[in-house]
Amino acid sequence: LPTKLPNTGTTIFTVMSALAAEHGAVNLGQGFPEFSADPALLQAVTDAMAAGHNQYPPMTGVPALRQAVVAKLNDLYGSAYDADRDITITAGGTQGIITALHACVGAGDEVIIIEPAYDSYDPAIRLAGAVPIGVPMTLDYRIDWDAVRAAITPRTRALIINTPHNPSGRVATSGDLLELERIAEQHDLFVVSDEVYEHMVFDGAPHESVARYPALRERSFLVSSFGKTFHVTGWKVGFVAAPAALSAAFRRLHQYTVFTVHTPTQHAIAAYLANPAPWQGLSDFYQAKRDRFRAALAATPLKLLPCEGTYFQTVDYRAVSDLPDLDFAKWLTTEIGVAAIPLSVFYQRPQERGHVRFCFAKREETLALATQRLQKGL
Ligand code: GLN
């Protein structure tokens, strides 16, 4: 068949989850929580269906949910989004990202991605006819702003930023956002800001949303989702916040690609967001898991890299093996019984740094089983 993305294989998350299932490995590869959602949130979906919220909602999303999103963003980040003009409910973060890109870039444009970059960015840019330009982070996974500047050409049209960062677990600082704001203004760039881990930031650090920076907000599509925050990644409900002109362009595409998103779930999340800060406690919950997981991994030859946010812990395995990271991740899955994600797949020119990522959004017994296997096997 005439195909788009002819050189693109199956996403690493699907590959590693299948391998984990086949070999009975503990799946710390693909990132998804092992916990059930708050029963009140689950009940709210049933209630919304029983109340008759089963037909198409408005194309832009259920008004109560857009209002709840605006209240949250404006309270947390001091922004001034408008629920009617600036918020569109999406089928998760991935759709928000690809639709935002299609709204702002086209044939021949260049889009800068900071590598390691989440694996949907590159194909999303290519599908928009544009060219992804990978800019590697520093060796300790900070954004290399000099390298970003050096990568800008007259064709650069947009930049994707992701904080808290998947897969490294790094969190951008206000200095990073100020740099981004300067660069975006100077070169007149659009910004797609992937903030799906916004409520998982550790050690008291703030989440530096583009929404906090007025000049940046003016040129940004802020993408987030509820799946990670409320342990419901399969619901695929998220949102894009962007100023009116950007949202209008976004909605022109959204209406003919997705049209709108599952109605009862939107009502349920809107009702749930009416509770005081229902994401409160999530950072502490994951920080405690991070600390226990790191303590257990410290008893293995794996070297721990910093984890400042997200539910991912990246490790350096070079004291254990010389294998390339994809082979190491497969070996770990089939021979040790713990699945992980190799980081080289998140680069255009694969970088072998000897790093793999574990997801620690798992029950304590699951993490204990995984770390026992790693302690015994490595
Ligand atoms: N975001 C998840 C991760 O990074 C994976 C989602 C997916 O499988 N597409 O692990």
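Around the ligand, the shell divides into one nonpolar residue, four polar residues and no charged ones. The model is predicted. Which residues are around the ligand? They are Thr11, Phe13, Gln30, Gly31 and Asn166. Phe13 is the nonpolar one, because Phe counts as nonpolar.

Next, the annotated region. The UniProt record, an unreviewed entry, places "domain: Aminotransferase class I/classII large" at residues 26-372. The end C-alpha atoms of residues 26-372 lie 11 Å apart. Helix makes up 39% of this span, and strand makes up 16%.

The domain assignment divides the chain in another way. Domain 1 is made of two segments, 12-30 and 281-377. Domain 2 covers 39-273. The centres of domain 1 and domain 2, taken over C-alpha atoms, are separated by 26 Å. The table sets out what each domain brings to the contact.

| Domain | Residues of the domain | Residues in the contact |
|---|---|---|
| Domain 1 | residues 12-30 + 281-377 | 23 residues |
| Domain 2 | residues 39-273 | 24 residues |

Now take the side of domain 1 that touches domain 2. Two elements, α11 (282-297) and β10 (312-316), each supply at least two residues of this side. Which element gives the most to this side? It is α11, with five residues. By class, this side of domain 1 has twelve nonpolar residues, eight polar residues and three charged residues.

Notes:
Residues are numbered from 1 along each chain as its sequence is written. This is a predicted model: local features need pLDDT of at least 70, side-chain atom pairs count only at pLDDT 80 or more; totals for chains, interfaces and linings use all residues. UniProt positions are given in the numbering used here, feature names are shortened, and annotations may be inferred rather than shown by experiment. Helices (H or I, at least four residues) and strands (E, at least two) are DSSP runs, numbered from the N terminus. A residue is near a molecule or strand if its C-beta atom, placed from the backbone, lies within 6 Å of it. Domain bounds come from an automatic or database domain assignment. Two residues are in contact if their C-beta atoms, placed from the backbone, lie within 7 Å.
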